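Hi everyone, thanks for making time for this one. Let me put the structure up on the screen, and then we can walk through it together.

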Amino acid sequence: MEATEEKKEPDTKRVHTYPLIRHSDMNDEMKTEAMELCVTACEKFANNNENAAKMIKDTMDKKFGASWHAVVGEGYGFEITHEVKNLLYMFFGGNVAICVWKCS
């Protein structure tokens, strides 16, 4: 008798290279613009989350009025107060989380 060996796939982490929106209460147009901005900032400043967050905040302030906030990074929790219809929480590049919100 021949022993059959099962081929097992190696344990690998699944990396998402596309933006994955976890939660948003923005209208579709604003959500799309914010998501594209976050992707652009994270690609431009791949090794500097602080600069990516600054770019997101500054651009959102110019486009949609003042008092936007942005957090870019890995492994953080948050609890925020925000204006209704002004929150985006997403992942990009697998493990980078981006939270963007407006609070005056």
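Let's begin with Leu88, which stands opposite Val100 in strand S4. Before I go on, please keep in mind that this is a predicted model. The pairing I just pointed to belongs to S3, residues 87-92, and S4, which run antiparallel to each other over six bridges. Further along that pair, Phe92 stands opposite Val96 in S4. The two strands form a hairpin with three residues between them, and there Gly93 takes a positive phi near 70°.

On its other side, what does S4 pair with? Strand S2, residues 68-73, pairs with S4 in the antiparallel sense, again over six bridges. If you want one residue pair to click on, take Gly73, whose bridge partner in S4 is Ala97.

So how buried is S4 itself? Seven of the seven residues in this strand, 96-102, are buried, so S4 is largely enclosed by the rest of the structure. Both of its faces are covered. On one side you have Val96, Ile98, Val100 and Lys102, and on the other Ala97, Cys99 and Trp101, all of them buried. Yes, that list includes a lysine.

Now let's zoom out to the sheet. It is an open one, with four strands in the order S1-S3-S4-S2 and antiparallel pairing. S1, residues 20-24, and S2 stand at the edges with a single partner strand each, so one side of each has no neighbour in the sheet. On average, neighbouring strands here are turned by 15° against each other, ignoring direction.

What packs on this sheet? Helix H1, residues 28-44, does, and it touches S1, S2, S3 and S4. The direction of H1 makes about 40° with that of S3. Helix H2, residues 49-64, lies across S2 and S4 and runs at about 155° to S2. That gives two helices and four strands in the protein chain, and along the sequence they follow the pattern β-α-α-β-β-β.

Let me go back to the start of S3, where two residues deserve a stop. Leu87 has its place in that strand, and at 8% relative accessibility it counts as buried, because the cut-off for buried is under 20%. Leu87 also brings together parts of the chain that are far apart in sequence: its C-alpha atom is 5.5 Å from that of Ser24, which is 63 residues away along the chain. Leaving aside neighbours within four places in sequence, the contacts of Leu87 include His23, Ser24, Asp25 and Met26, and also Ile80, His82, Cys99, Val100 and Trp101.

The second stop is Asn86, in the loop between S2 and S3. Is Asn86 buried or exposed? At 10% relative accessibility, Asn86 counts as buried. A polar atom of its side chain lies 3.0 Å from the backbone oxygen of Val84. Not counting residues up to four places away, Asn86 touches Asp25, Met26, Met30, Trp68, Val100, Trp101 and Lys102. Asp25, Met26, Val100 and Trp101 are in contact with Leu87 as well.

A word on the cysteines, for anyone preparing a topology. How many disulfides does the structure hold? The answer is zero. Cys38 is in no disulfide, and the nearest cysteine sulfur, that of Cys42, is 6.5 Å away. The reverse holds too: Cys42 is in no disulfide, with the sulfur of Cys38 being the nearest at 6.5 Å. As for burial, Cys38 counts as buried at 1% relative accessibility, and Cys42 counts as buried at 11%.

Finally, some totals for the protein chain. Of its 104 residues, 31% are buried. Among contacts with a separation of 6 or more, 55% are between residues 24 or more positions apart. The chain exposes about 7,600 Å², with carbon and sulfur atoms supplying 49% of that.

If you take one picture away, make it S4, paired with S3 and with S2, and covered on both faces. Thanks for listening, and I'm happy to rotate the view for anyone who would like another look.

Key:
Residues numbered from 1 in each chain as written. Predicted model: local features only at pLDDT ≥ 70, side-chain atom pairs only at ≥ 80, totals over all residues. Heavy atoms only, no water. Disulfide = S-S within 2.5 Å. Buried < 20%, exposed > 50% of the residue type's maximum accessible area, 1.4 Å probe, protein only. Pairing = 2+ DSSP bridges. Polar contact = N/O pair within 3.5 Å; in protein donor to acceptor, adjacent residues only side chain to side chain. Contact = heavy atoms within 4.5 Å. Axes fitted to C-alpha atoms, helices over the stretch in contact; angles between N-to-C directions. Areas by Shrake-Rupley, 256 points an atom, 1.4 Å probe, with all protein chains shown as cover.
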